[in-house]
Structure formats: structure tokens, C-alpha cells
Protein chains: 2
Amino acid sequence: MEYSTSSLINSFQPKEKHTTLFNHQISARIRLATELDVPNLHKLVTQMAEYHGLSQIFTTTETSLYNNLFKSPNPPFHSPTALILEISPNPFPQTNHTTTTNFVPIIKNNYNFDNLEILDHELETYRSKFNGHGHDNSNNCNVYVAGHVLVYPSYNGFFEKPGLFLDQMFVRKCYRGMKFGKLLFSAVAMQAEKMGMGMVDWLVADWNEETINFYEKMGAHYIPEYRLCKLYGDQLQAFGKKSD
Amino acid sequence: MEYSTSSLINSFQPKEKHTTLFNHQISARIRLATELDVPNLHKLVTQMAEYHGLSQIFTTTETSLYNNLFKSPNPPFHSPTALILEISPNPFPQTNHTTTTNFVPIIKNNYNFDNLEILDHELETYRSKFNGHGHDNSNNCNVYVAGHVLVYPSYNGFFEKPGLFLDQMFVRKCYRGMKFGKLLFSAVAMQAEKMGMGMVDWLVADWNEETINFYEKMGAHYIPEYRLCKLYGDQLQAFGKKSD
């Protein structure tokens with residue numbers, strides 16, 4: 001299989017009637033993902049792969065997400081870590097900071113968005129399973145998952161301090177244009193800074209001018225001459241068969 | 001300071017008389033770096049930064065190398081890890097595999113290199129401090145450090161299995177053209193495969209055609225449209241001061 005980067009986007013087939021809950025006001029929260037988020041997270045990364053035309057190389061399962069994100073003995077941000085963006089028509093309760101170990105949730109309550117109509121065809125599918133105590137909370141609040149980021153600790157031999165690699169950042173289509181991307185990116189950069197790290201690195205597709213501009217506005221250096229190489233699949237497995 | 005990628009290479013000022021120890025035969029070993037390698041490793045990453053025209057952003061110190069590579073509670077390859085390439089006019093003793101926990105050293109003894117003359121201006125500077133038991137071994141064998149790789153565990157949300165990110169691979173100039181780069185790269189790919197990982201990722205400069213060709217021969221997918229972005233320095237620190 002090739003790491004195809006054709007920009008063909010799989011056509012979206014809504015499976016539910018659209019629902020609109022938001023009347024020119026929305027509240028948002030970014031928090032650490034928990035095991036209860038795995039099904040929603042799997043849907044998000046699947047949609048993101050479709051958006052990037054990478055469904056052919058996509059091999060992520062709910063089990064692999066669980067194993068990669070929640071089985072490490074390391075604390076969050078010291079191994080692959082997901083943050084979840086939730087939205088709600090109701091304000092989020094302020095977090096009791098004393099119960100939050102590593103990442104203090106970021107809350108933006110009652111954000112106004114005049115002239116925007118949100119039609120979320122998958123609202124019910126993305127109902128949040130999280131209620132702040134790790135218990136299933138499927139049916140008692142109007143909190144929905146709208147996006148995510150995946151990060152892991154990185155290192156560069158030219159820099160004194162380690163960093164975070166921002167592997168994925170995704171906001172569901174109907175929630176774009178509302179500065180949630182900026183909120184997610186800031187959450188990662190603020191966390192890196194808080195942890196005394198020296199950098200945040202990520203990759204951007206060269207055809208994605210809007211995103212490049214977005215990142216440059218955030219203070220990022222765009223370094224066009226560095227290109228990604230990737231060894232995987234049969235080509236990687238061949239190294240297991242080579243003698244030294 | 002800008003992440004300058006000018007290809008100006010600082011002129012090399014030899015500080016020692018050159019020494020030639022090799023008579024058409026050389027032995028090589030790749031092994032895990034130890035704390036004793038920190039001074040040599042620091043010289044290697046410094047030279048590599050000069051070669052890439054990145055001295056201006058270079059902030060690595062011996063202390064930071066030690067902290068980033070040897071203070072993690074995680075085993076090798078589960079946090080930033082260095083491999084060292086050593087060369088010697090004498091064959092390396094075969095490793096007793098039972099005493100090697102994670103990475104079995106790769107040894108290529110008595111490699112023939114007709115028509116090559118090695119003039120190593122820094123031979124003594126790069127004398128290896130390692131004797132296989134963790135003790136200082138400065139004066140009793142002709143083993144010298146010729147290169148290194150830096151890797152750390154990586155993750156991609158589109159892949160089932162995690163991987164290794166190859167941050168740096170460097171062979172000192174006088175030892176190039178002898179397939180040591182291939183040996184180092186293979187060591188990383190074999191280790192990833194051995195650990196059941198799904199990929200090895202790295203970046204390559206687009207002007208470095210020779211290197212791109214080298215990697216493609218190794219089975220890598222070159223993905224030209226993904227470009228590196230980096231947030232660091234004042235721009236990162238600014239996020240520490242932002243309110244959410």
C-alpha cells in the first residue's frame with residue numbers, strides 16, 4: 001500500500017438527521033482524554049484520515065488507540081496523549097484544580113457566534129461519555145465531542161530541552177471557523193511551556209496554505225525544506241529478516 | 001534567532017595532526033550509548049549542527065544530553081536513545097548476548113575498503129570511553145567514535161502500531177562512503193521491527209538528493225508535501241503568558 005496523499009475526500013454519508021442545539025452561543029472545554037473517549041476518538045481519527053485521503057494506509061482500531069494512549073505507565077504528555085475538545089449549549093462547570101493532576105481543563109463558556117448556523121449531522125453519535133469522574137454519563141448532559149489533538153514527547157539533538165510533537169489536530173467540519181483550532185493549538189503550546197519544554201513540532205501539508213498561515217500567525221517557523229520520510233509495512237518488516 | 005537553513009558549512013579547523021590507523025581494513029560496531037559517551041556525543045551533534053548550518057539555534061550542552069538521554073526511568077527506545085558507531089583497526093569481540101538487555105550490538109569486523117585513505121584529524125579526540133563494562137577505558141584499546149543516531153518513540157494516530165522517530169543520523173566526514181550510514185539506519189529499522197513497531201519516521205532536507213536517494217533505496221517512502229513546523233524560543237514562551 002502506498003502512502004497516498006491524493007486529496008480525494010471520501011464523500012460524507014450522514015447516518016442521522018441533523019440536529020441543531022446551539023443558538024448563537026456555545027461553550028467549549030479541552031480536557032485530557034480518558035478510556036471512555038476511545039470510541040469517539042476512533043471516529044475522529046477515522047474522519048481525519050478520510051479528510052487527508054489516507055484511508056488506504058489507516059490501520060488504527062479502538063484497541064490500538066486504547067493500547068497506545070492508555071496503557072503506558074508514564075504520566076500524560078510523557079507518552080502519546082490525547083486531548084478532547086467538547087462543546088455544549090450549557091456552560092461547563094469550572095474545574096476543581098486540586099483534583100487535576102497534570103492538565104488543567106481549558107474552558108470557554110458562552111462563546112458567541114453570530115451569523116453561524118451549526119448543523120451537526122452526527123451530534124448524537126458524538127455524545128461525550130465523560131462526566132469528570134470517569135463514569136459513563138451518556139444520557140444526562142448535552143456535551144458533545146467536536147475535535148481532538150494527539151501529542152507525544154519529542155526530542156531534537158540540537159536543542160537543550162525536549163518538546164512535544166503534535167501528531168494530529170482535528171476539529172469536526174461543522175465546528176470550524178470558530179477558533180477551536182487556535183484553542184487546541186494553544187492548549188498544546190501552553191502545556192509544553194508549562195512543562196519547561198523547548199519546542200512544539202508538527203508537520204503540515206504544503207497544499208494547505210490556510211493552515212500554514214494559521215500556524216505562522218501562532219508564531220511557528222515554517223521550514224519548507226524538511227520533508228517527511230516514512231518506512232513502514234513490508235519495507236520495514238524486511239529489516240527484521242536481514243542479517244546484520 | 002531564526003531557524004536558518006543556509007547551507008554554509010563552517011570551515012573545519014583541525015586542531016590535531018591527522019592520524020591514519022587503518023590499512024584497507026576497518027572494523028565497526030554499533031552499540032547503545034552510555035553516560036561515558038556524552039562528551040563524544042556532544043562533539044558529534046555540534047559537528048552535525050555545523051554541517052546543517054544550524055549552529056545559531058544550537059543549544060545542546062553535555063548536561064542537557066545527559067539529562068535527555070540517560071535520566072529517563074524508561075528502558076532504551078522508550079525514551080530518547082542514542083546509538084554510537086565505533087570503528088577500530090582491530091576486530092571487536094563478539095557480544096555475549098545474555099548480558100545485553102535490549103539492543104544487541106551490531107559488529108562488522110575486518111571490513112575491506114580498497115582505494116580509500118582515511119585521514120582522521122580528530123582521531124584522538126574521538127577515542128571511545130567504552131569498554132563494554134561501563135568503566136573508563138581511555139588508554140587500552142584503539143576504538144574510536146565515528147558517528148551516532150538519536151531516536152525516540154513516536155506515534156501516528158493513523159497507524160495501529162507506534163514507531164521510532166529518527167531524529168539524527170551522522171557519520172563523521174572521513175568515514176563516509178563506507179556504508180556506515182546504511183549500517184546505522186538498518187540498526188534503527190531492525191530495532192523497530194524487533195520491538196513490533198509499525199514505522200520509522202524522519203525528516204530529510206529537500207536539497208539533499210543523495211540522502212533522499214539513499215533512503216529510497218532503503219525502502220522509505222519520501223512524502224514531499226509534508227513540511228516541518230516548529231514553535232520554539234520566544235514564540236513558545238509567549239504561550240506561557242497567555243490566559244486561556
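Trainee: Which elements of chain B do the buried residues of α2(B) pack against?

Mentor: They pack against α1 (38-51), β2 and β4 (144-154) of chain B, where contact means heavy atoms within 4.5 Å, and helices (H or I, at least four residues) and strands (E, at least two) are DSSP runs numbered from the N terminus. This is a predicted model, in which local features need pLDDT of at least 70, side-chain atom pairs count only at pLDDT 80 or more, and totals for chains, interfaces and linings use all residues. Residues are numbered from 1 along each chain as its sequence is written, chains are lettered from A in the order in which they are written, and side-chain values use heavy atoms, with hydrogens and water left out.

Trainee: What makes the buried residues of α2(B) line one face of the helix?

Mentor: In helix α2 (residues 62-70) of chain B, the buried residues (under 20% relative accessible area, 1.4 Å probe, protein chains only) are S64(B), L65(B), N68(B) and L69(B). Seen down the axis of α2(B), they fall within an arc of 110°, so they line one face; the arc is that of the directions from the helix axis to the C-beta atoms.

Trainee: Why is strand β1 (residues 25-32) of chain B called largely enclosed?

Mentor: Six of its eight residues are buried, so β1(B) is largely enclosed by the rest of the structure.

Trainee: How do you know that β1(B) and strand β2 (residues 81-88) of chain B pair?

Mentor: Two strands pair if DSSP finds at least two bridges between them, and β1(B) and β2(B) have six, in the antiparallel sense; R29(B) stands opposite E86(B) in β2(B).

Terms used: Buried < 20%, exposed > 50% of the residue type's maximum accessible area, 1.4 Å probe, protein only.
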